[in-house]
Amino acid sequence: MLVTQIKKWRTLSSCAIGGQKCLYKLQSASVHFIAAKHTTPIKRQVDDITFRLVTYEFFSHCHVLAMSVSETWYTIKDHGTNYCNLYNLMEGSGLIRVRGYMEVTSEFLCTQRSSANCTLY
């Protein structure tokens, strides 16, 4: 579902109504790992995105470790763009509506998460 969503939002036309749900590019995908890039539509800054998927068959659920990091080292106070890169893909793919979905993060792990507006970023 994540790979499909990344491919769906690959062009700039996905952002025609605003926000940053566009310009995602799949780098690689396997059963347990997804790598992608996101280019911000206005400033054209590039973020590296990874999803590590761990399946727990005994518990019949999947644990996802995700990270988004700006390639531009000085990018700060960006309205939670890295958080939104991940959240937008999870939300767009429908995974946040799957039974048992739970997000575990913090302001320490994901700066500006609490003030992020993912409809814009």
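**Exercise 1. Classify Cys 62 as buried, partly exposed or exposed.**

Start with the cut-offs: buried means under 20% relative accessible area, exposed means over 50%, and partly exposed lies in between (1.4 Å probe, protein chains only). Cys 62 has 40% relative accessibility, so Cys 62 counts as partly exposed.

A note before going on: this is a predicted model, where local features need pLDDT of at least 70, side-chain atom pairs count only at pLDDT 80 or more, and totals for chains, interfaces and linings use all residues. Residues are numbered from 1 along each chain as its sequence is written, and side-chain values use heavy atoms, with hydrogens and water left out.

**Exercise 2. Find the disulfides and say how they pair up.**

Step one is the criterion: a pair of cysteine sulfur atoms within 2.5 Å. Run that over the whole structure and you get two disulfides. Counting bonded cysteines along the chain, the pattern is 1-2, 3-4.

**Exercise 3. Work out the handedness of the Cys 15 and Cys 22 link, and the burial of both ends.**

First, the sulfur atoms of Cys 15 and Cys 22 sit 2.0 Å apart. Next, the torsion about their S-S bond is about -95°, so this disulfide is left-handed. Last, burial: Cys 15 counts as buried because its relative accessibility is 12%, and Cys 22 is buried with a relative accessible area of 0%.

**Exercise 4. Do the same for Cys 84 and Cys 118, and locate both ends.**

The sulfur atoms of Cys 84 and Cys 118 are 2.2 Å apart. With -85° about the S-S bond, their link is left-handed. The pair joins distant parts of the chain, 34 residues apart: Cys 84 is in helix α2, while Cys 118 is in the segment after α2. Both Cys 84 and Cys 118 are buried.

**Exercise 5. Check the length of helix α2, then describe its surroundings.**

Elements here are DSSP runs numbered from the N terminus: helices are H or I with at least four residues, strands are E with at least two. The expected span of a helix is 1.5 Å times one less than its number of residues. Helix α2 (residues 81–93) has 13 residues, so the span should be 18 Å, and its end C-alpha atoms are indeed 18 Å apart.

Now the surroundings. Ten of the 13 residues of α2 are buried, including Tyr 83, Leu 86, Leu 89 and Met 90. Among the elements covering those buried residues (contact: heavy atoms within 4.5 Å) are α1 (2–8), β1 (24–29), β2 (33–39), β3 (46–56) and β4 (61–70). Finally, step just past α2: Gly 94 takes a positive phi of about 90°.
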